[in-house]
Amino acid sequence: SCPNDGVHLTRKSDEVNALKLSSSSRRPDGSPARGLLPVWEDRPTVKFHTTKGEIIFELFEDEAPNTVANFIALVEEKHLYDGAGLKLYNKDDRIQPVIKKDRPTHRIAVETTDREPVTGSLVMNVVNGSENSGADFQILLKTVPELKGSAIFGIVTNGLDIIASLKETDAIKSVVVERKRSHPYAPSVIQDPVKQEDEKPK
């Protein structure tokens with residue numbers, strides 16, 4: 001829920017529509033929405049510290065809320081990607097962190113988005129048609145049309161040149177959450193009793 005029981009805004013254009021709310025507006029239960037005020041919260045962002053430099057990604061919480069919640073939880077609670085190596089897939093169109101810490105044994109449901117799979121996108125690895133890896137994701141080094149309709153949950157906002165320069169000899173020093181919204185990030189997960197190996201990319 002949002003502070004002040006307000007309207008949760010995720011697009012700047014939403015502000016215009018929200019301001020049209022009046023005392024005659026109704027809540028879902030039919031009660032008057034008096035005092036309903038717009039609340040603007042930016043999308044979450046994370047910063048990757050790599051051996052080549054810093055990269056900042058914006059996360060698409062509105063389109064893939066559980067995927068983003070899972071990612072933020074892994075970053076903040078387990079520091080899972082700190083010290084990860086990098087591995088190229090499909091020649092040179094994507095690169096994936098090689099996790100060196102104990103990986104989680106859960107998976108998450110696939111959240112497909114309408115986002116284009118362009119350079120600098122964050123894409124979750126698919127385990128099967130309905131589940132994503134609980135931890136493995138890829139950074140697209142170029143547009144990959146066949147990934148259209150995948151769980152694209154973020155995009156680079158700063159450091160595209162760093163992404164273009166990443167090699168398998170590089171590494172992720174650390175990943176930190178720079179900004180997040182004012183609610184808990186508790187993902188819904190699918191428990192897997194068998195410890196996962198590195199998931200293969202889609």
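Asp 92 and Lys 142 form a salt bridge in this predicted model. Their closest N and O atoms are 3.3 Å apart. The pair connects distant parts of the chain, with the two positions 50 residues apart in numbering. Asp 92 sits in the loop between strand E5 (85–89) and strand E6 (94–98). Lys 142 sits in the loop between E9 and E10. Asp 92 has 41% relative accessibility and so counts as partly exposed. Lys 142, at 36% relative accessibility, also counts as partly exposed.

A further salt bridge involves the loop between E9 and E10. Glu 116 pairs with Lys 148, and the closest N and O atoms are 2.7 Å apart. This pair too links distant parts of the chain, 32 residues apart. Glu 116 belongs to the loop between strand E7 (106–109) and E8, while Lys 148 belongs to the loop between E9 and E10. Lys 148 is partly exposed, because its relative accessible area is 40%.

The structure holds 14 salt bridges. One of them joins Arg 181 to Glu 61, with the closest N and O atoms 3.9 Å apart. Here the partners are 120 residues apart along the chain. Arg 181 lies in the loop between E11 and strand E12 (190–191), and Glu 61 lies in the loop between E4 and H2. Both partners are covered. Arg 181 has a relative accessible area of 3% and is therefore buried. Glu 61 is at 9% relative accessibility, so Glu 61 counts as buried. Salt bridges with shared partners also tie Arg 43, Glu 58, Glu 61, Asp 62 and Arg 181 into one network. Side chains of opposite charge can pair when their charged atoms come close.

The surroundings of Glu 61 were examined further. Leaving aside neighbours within four places in sequence, Glu 61 is in contact with Pro 44, Val 68, Arg 181, His 183 and Tyr 185. Asp 42 is 19 residues from Glu 61 along the chain. The C-alpha atoms of Glu 61 and Asp 42 are separated by 9.7 Å.

Strand E4 precedes the loop that holds Glu 61. E4 is mostly covered, with 5 of its 7 residues buried. E4 has two antiparallel pairings in the model, one with E3 and one with E10. Between E3 and E4 there are 6 bridges. A hairpin of 2 residues connects these strands. Within this pairing, Thr 45 has Glu 58 in E4 as its bridge partner. Glu 58 is also a member of the salt-bridge network. Between E4 and E10 there are 4 bridges. There, Ile 56 stands opposite Asn 158 in E10.

The largest nonpolar core contains 35 residues. Those with the most contacts inside this core are Phe 48, Phe 57, Phe 71, Tyr 81, Phe 137 and Phe 153. Several elements each supply at least two core residues, among them strand E3 (45–50), strand E4 (53–59), helix H2 (65–78) and strand E8 (121–128). Strand E9 (131–140), strand E10 (152–158), helix H3 (160–165) and strand E11 (172–179) do so as well. H2 gives the largest share, 6 residues. A second, separate core has 7 residues, including Val 144, Leu 147, Ile 152 and Ile 155.

Phe 137 shows how distant segments meet in the main core. Leaving aside neighbours within four places in sequence, Phe 137 is in contact with Phe 48, Phe 71, Tyr 81 and Phe 153, among others. Its contacts also include Ile 95, Gln 96 and Pro 97, as well as Leu 122, Val 123, Met 124 and Asn 125.

Ala 135 is found in strand E9. Ala 135 counts as buried because its relative accessibility is 2%, and the cut-off for buried is under 20%. Not counting residues up to four places away in sequence, Ala 135 touches Leu 74, Leu 80, Tyr 81, Ile 99, Arg 103, Pro 104 and Met 124. Tyr 81 and Met 124 are also among the contacts of Phe 137. Met 124 is 11 residues from Ala 135 along the chain. The C-alpha atoms of Ala 135 and Met 124 are separated by 8.0 Å.

Note on methods
Residues numbered from 1 in each chain as written. Predicted model: local features only at pLDDT ≥ 70, side-chain atom pairs only at ≥ 80, totals over all residues. Heavy atoms only, no water. Core = buried A, V, L, I, M, F, W, Y, C linked by side-chain atoms within 4.5 Å. Buried < 20%, exposed > 50% of the residue type's maximum accessible area, 1.4 Å probe, protein only. Contact = heavy atoms within 4.5 Å. Pairing = 2+ DSSP bridges. Salt bridge = Lys/Arg side-chain N within 4 Å of Asp/Glu carboxyl O.
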